[in-house]
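Open the model in your viewer and keep the selection tool at hand. This tour goes from one selection to the next and says what is there.

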Amino acid sequence: MQNMSSFLNNKKEIFYIIIIFLFSISINQYYGNLGVCPIDSFWFFNSGYDSLNGYYPFKDYWTISGPFITFTQAIFFKVLGTSWFSYVLHASFFNFLISLTTFYTLYKFKLSVHYCLLYSLLIAILAYPSAGTPFVDHHASILSIISLLFFILAIKTNSKIYWFFLPIILAISFLSKQTPTGNIFLLIIFLSSIYFIINFDLKKILLALAGSASITLFFFLILFLTKISFESFFIQYISFPLTIGKSRVEYFLFPLEFSRIILRFKLIHIPLLILIFISIQKIKNDLKYIKSNDFLIILSLIFSSYIFIAHQLMTLNGLYIFFIIPIIAGFTHIYFLDLYKKKNYFLFILLLFTICSTFHYWNKYIHK
């Protein structure tokens, strides 16, 4: 954790973190208090209040929604009181969490701290304010991205501690919603396997296993304390949702049409195409780039983006995944600088695109 301590010793970084905290919390508090959707907005208000009073999911009522959000909301109610403020603050905290994690990750790639701040604030505008209140898709997507960023940090910084926390965050994300976490989990397993084939490190593998064992033991401890049977959890949260997932894949994901995959999400594809172009150029310059950590990072960003697009198509909820644009743009900025150090005019265009696309989706899907 030496990297984190040195990061927090810089006064400018601390000041920027305070800005991110105040902005990400306040913008979601504002939109979370504007109005409600009768079913979705009260979903975890009710379940959180029930859990606070000893009425638990899977045991006392049937549910397929994430227990992590329910129990976390119960903690917010316990600490801050049962109120709409503490309910919205739960969502606002996760809005801050994704903004802060992105800021820290981009900073570790040695991107200028001013750009790190900008991209983080743009994420805060789009991430949770589209729902305002705790919601399964937002929680799972944010935690999935945080787990992906931890994977990226693990292979970029060579710090072993990220491997310990990676399975913990993935498990928490899965307990928020099964998808897109399950697909992100498979992606990280696949890319991690490639990484360890090229860079075998037993200590990192053992730390990942230790993290997995820790969260598994904690999970079964919660089941024991709440007297929730594992069978009830498995039937309601894993077995039954699989039947729903099959029909959604069949009727909502397919057919894979150009207009649905590319044109509908064209502003996500713009920075993605630049990343693909940069990768091709790097491979042309040196074929060994395929075995590099940076190539794995770019692959993780590209594949995860399509996982989120597929998830968006299979849900019946409003469009919300556009908050990944500033994240992809931030990494595009980093890798473009690495390849073309003197073409600053392109970076200006990239920044302008990211800002304009953020405010376009903010106005279209949040503010209106």
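Select Phe135, in this predicted model. Phe135 counts as buried, because its relative accessibility is 7%. Now add Trp43 to the selection: with Phe135, Trp43 forms an aromatic pair that is edge-to-face, 6.3 Å centre to centre and with 70 degrees between the planes. Trp43 is partly exposed, at a relative accessible area of 33%. Where in the chain do Trp43 and Phe135 lie? Trp43 belongs to helix α3 (residues 43-52), and Phe135 to the loop between α6 (113-126) and α7 (136-157), so the pair ties together parts that are 92 residues apart in sequence. The structure holds 39 aromatic pairs.

**Helix α7 and two of its residues**

Go on to His138, which is in helix α7. Is His138 buried or exposed? His138 is buried, with a relative accessible area of 6%. Show what surrounds His138: apart from residues up to four places away in sequence, it touches Ala127, Tyr128, Ser130, Ala131 and Tyr320.

Next, select Asp137 and Lys177. These two form a salt bridge in which the closest N and O atoms are 2.6 Å apart. Asp137 is in helix α7, while Lys177 is in the loop between α8 (161-174) and α9 (181-198), and the two residues are 40 residues apart. Both Asp137 and Lys177 are buried.

**Other salt bridges**

How many salt bridges does the structure hold? There are four. Side chains of opposite charge can pair when their charged atoms come close.

Select Lys282 and Asp338 for another one: their side chains meet at 2.6 Å, N to O. Lys282 lies in helix α13 (residues 266-285) and Asp338 in helix α15 (residues 324-339), so this salt bridge ties together parts that are 56 residues apart in sequence. Lys282 counts as buried at 15% relative accessibility, whereas Asp338, at 38%, counts as partly exposed.

Then select Lys59 and Asp60, whose side chains also meet in a salt bridge, with 3.3 Å from N to O. Asp60 is partly exposed, with a relative accessible area of 28%. Lys59 is partly exposed as well, at 37% relative accessibility.

**The nonpolar cores**

In soluble globular proteins, nonpolar side chains tend to be buried together. Which residues of the largest nonpolar core touch the most other members? Of its 101 residues, they are Ile152, Trp163, Ile268, Phe323, Phe331 and Tyr335. Helix α7 gives the most to this core, with 13 residues.

Centre the view on Trp163. Leaving aside neighbours within four places in sequence, Trp163 is in contact with Phe151, Ala154, Ile155, Ser192, Tyr195, Phe196, Lys204, Leu207 and Ala208. Apart from the largest core lies another one, of seven residues, among them Phe219, Ile228, Phe233 and Tyr237.

**Phe233 and the ring cluster**

Select Phe233, which is found in helix α11 (residues 230-253). Phe233 is buried, with a relative accessible area of 3%. Beyond neighbours within four places in sequence, Phe233 is in contact with Phe58, Pro67, Leu175, Phe219 and Ile238. Now extend the selection to Phe58, Phe174, Phe219, Phe220, Phe230, Phe234 and Tyr237: ring pairs link these and Phe233 into a cluster. For a distance to try, pick the C-alpha atoms of Phe233 and Thr105: they are 35 Å apart in space, and the two residues are 128 apart in sequence.

**Helices α10 and α2**

Select residues 202-226, which make up helix α10. The 25 residues of α10 reach 36 Å from the first C-alpha to the last, close to the 36 Å expected at 1.5 Å a residue. Colour its buried residues: Lys204, Ala208, Gly211, Ile215, Phe219, Leu223 and Thr226. An α-helix has 3.6 residues a turn, so residues three or four places apart point the same way.

Look at the two ends of α10. Asp201 caps the N-terminal end, where a side-chain oxygen lies 3.1 Å from the backbone nitrogen of Lys203. Just after α10, Lys227 takes a positive phi of about 60 degrees.

End at helix α2 (residues 11-32), whose end C-alpha atoms are 31 Å apart; this agrees with the 32 Å that its 22 residues should span at 1.5 Å a residue. Its buried residues include Tyr16, Ile17, Ile20, Ser24 and Tyr31.

Definitions and conventions
Residues numbered from 1 in each chain as written. Predicted model: local features only at pLDDT ≥ 70, side-chain atom pairs only at ≥ 80, totals over all residues. Heavy atoms only, no water. Helix = DSSP H or I, 4+ residues; strand = E, 2+ residues; numbered from the N terminus. Expected span 1.5 Å × (residues − 1). Buried < 20%, exposed > 50% of the residue type's maximum accessible area, 1.4 Å probe, protein only. Polar contact = N/O pair within 3.5 Å; in protein donor to acceptor, adjacent residues only side chain to side chain. Phe/Tyr/Trp six-rings, centres within 6.5 Å; stacked < 30°, edge-to-face > 60°. Core = buried A, V, L, I, M, F, W, Y, C linked by side-chain atoms within 4.5 Å. Contact = heavy atoms within 4.5 Å.
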